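Colleague: I would like a close look at a single helix in this model. Please take me through its two sides, and then through what lies around it.

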Amino acid sequence: MTFIEKLSAAWTANNSLLCVGLDPDIAKFPAAIKTRPDPVYAFCKGIIDATADLACAFKPQIAYFAALRAEDQLEALCDYVRETYPRIPIVLDAKRGDIGATAEQYAREAFERYGADAVTVNPYMGFDSVAPYLEWKDRGAIILCRTSNPGGSDLQFLTADGKPVYQHVAQLVADKWNTNGQCSLVVGATFPDELAQVRRIVGDMPLLVPGIGAQGGDVQATVNAGRTSAGTGMMINSSRAILYAKPDQAAGEDHAKAARRVAADTRNEINRFR
Ligand SMILES: O=C(O)c1cc(=O)[nH]c(=O)n1[C@@H]1O[C@H](COP(=O)(O)O)[C@@H](O)[C@H]1O
């Protein structure tokens with residue numbers, strides 16, 4: 001099964017366009033987890049177990065694991081997801097970009113070491129820097145197009161040949177790079193107008209859409225701008241708002257239950273506008 005087939009099946013099985021981001025920040029962990037020998041694994045496993053029936057994908061952000069010297073725990077988590085929730089795709093968020101020979105190693109890291117279904121990739125160095133990921137025919141390459149951060153406009157919004165650079169990226173990927181139907185684009189929920197533009201350019205290509213939750217993107221505007229005619233086509237990511245949801249102590253919630261509540265609310269809100 002390819003990445004896109006797996007993602008499509010997860011949209012249906014969980015009736016969800018919600019991607020749960022795994023950005024483990026040990027300072028924000030509950031005290032009982034901080035002192036465990038494998039705190040990053042334990043924390044993320046708790047979130048995964050609490051949200052696996054609500055998510056269309058899990059997206060570990062590699063920097064959070066690497067900064068804590070916890071790549072082994074990321075590997076174990078990816079194994080755990082594949083064994084326990086084999087229908088949920090793993091998107092490794094690494095935003096790689098380098099010359100072809102180096103990209104081959106990054107692709108092996110993402111797809112062999114971590115067994116990810118897809119990886120985020122930076123298009124700035126052009127096609128030969130992306131091609132090694134595309135050699136993995138059953139995996140996905142999710143290419144940065146219109147990122148959610150304010151500084152994304154510095155380059156992505158510059159005009160070249162009469163249109164903004166992010167639209168060139170969308171056109172290039174749709175027309176030339178996606179020959180095997182394995183590409184996706186990153187478009188921030190914080191820019192719904194540009195999200196709509198990208199949707200017009202790329203047809204039904206799946207989009208990774210971060211920026212709701214902690215970054216304040218509007219869910220209704222995001223869904224209206226980015227959904228396909230089938231009411232799917234997006235992995236709408238939320239990380240911190242779910243991971244570090246405040247437990248309702250009166251209701252006896254722990255951190256995982258609070259994460260589940262916020263994930264369920266987010267999934268349901270997205271579905272209201274599909
Ligand atoms: O590729 C990404 O996932 C990404 C692209 C982008 O344009 N903006 C963006 O926030 N992200 C990632 O999405 C996640 C957003 O986290 P929250 O803001 O906590 O929901 C982080 O892991 C970011 O690295």
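Modeller: Start with the outward face. Asp-72, Asp-79 and Glu-83 are exposed, on the other side of helix H5 from its buried residues. Keep in mind that this is a predicted model.

Now the helix itself. H5 runs over residues 71-84, which makes 14 residues. From its first C-alpha to its last it reaches 20 Å. That is close to the 20 Å expected at 1.5 Å a residue.

Next, the inward face. Gln-73, Leu-74, Leu-77, Cys-78 and Val-81 are the buried residues of H5. They cover an arc of only 140 degrees around the axis, so they sit on the same side of H5.

What covers that side? The cover over the buried residues of H5 includes helix H3 (39-51), strand S2 (57-60) and helix H4 (62-67).

Step back to the loop between H4 and H5. Arg-69 is in this loop. Arg-69 counts as exposed because 9 other C-beta atoms lie within 10 Å, and the limit for exposed is 12 or fewer. Its backbone deserves a look too. Phi of Arg-69 is near 55 degrees, a positive value in a residue other than glycine. Most residues other than glycine have a negative phi.

Asn-15 also has a positive phi, near 45 degrees, and it too is a residue other than glycine. Asn-15 is in the loop between helix H1 (3-13) and strand S1 (18-22). Asn-15 is partly exposed, with 16 other C-beta atoms within 10 Å.

Now move along to strand S3, residues 91-96, where Ala-94 has its place. Ala-94 counts as buried because it has 20 C-beta neighbours inside 10 Å. Its contacts include residues well away in sequence. Leaving out residues up to four places away, Ala-94 touches Ile-62, Ala-110, Val-119 and Thr-120. Ala-94 and Ala-63 are 31 residues apart along the chain, yet their C-alpha atoms are separated by 7.4 Å.

S3 also leads us to the ligand. S3 and strand S10 (234-238) each supply at least two residues of the shell around the ligand. In total, 20 residues surround the ligand. The closest are Thr-147, Ser-148, Pro-210, Ser-239 and Arg-240. By class, the shell has three nonpolar, 13 polar and four charged residues.

Thr-147 gives us one more link. Gly-152 touches Thr-147, and also Arg-146 and Gly-188, not counting residues up to four places away in sequence. Gly-152 is found in the loop between strand S5 (140-146) and helix H8 (153-156). Gly-152 is buried, as 20 other C-beta atoms lie within 10 Å. Gly-152 and Phe-191 are 39 residues apart in sequence and 10 Å apart in space, C-alpha to C-alpha.

Finally, the wider frame. UniProt, in an unreviewed entry, places the feature "domain: Orotidine 5'-phosphate decarboxylase" at residues 17-255. In the model, that span is 42% helix and 18% strand. Its end C-alpha atoms lie 23 Å apart.

Back to your helix, then. H5 has buried residues on the same side, and Asp-72, Asp-79 and Glu-83 are exposed on the other.

Definitions and conventions. Residues are numbered from 1 along each chain as its sequence is written. This is a predicted model: local features need pLDDT of at least 70, side-chain atom pairs count only at pLDDT 80 or more; totals for chains, interfaces and linings use all residues. Helices (H or I, at least four residues) and strands (E, at least two) are DSSP runs, numbered from the N terminus. Two residues are in contact if their C-beta atoms, placed from the backbone, lie within 7 Å. A residue is near a molecule or strand if its C-beta atom, placed from the backbone, lies within 6 Å of it. Ala, Val, Leu, Ile, Met, Phe, Trp, Tyr, Cys and Pro count as nonpolar, Asp, Glu, Lys and Arg as charged, and the others, Gly among them, as polar. UniProt positions are given in the numbering used here, feature names are shortened, and annotations may be inferred rather than shown by experiment. The expected span of a helix is 1.5 Å times one less than its number of residues. The arc is that of the directions from the helix axis to the C-beta atoms.
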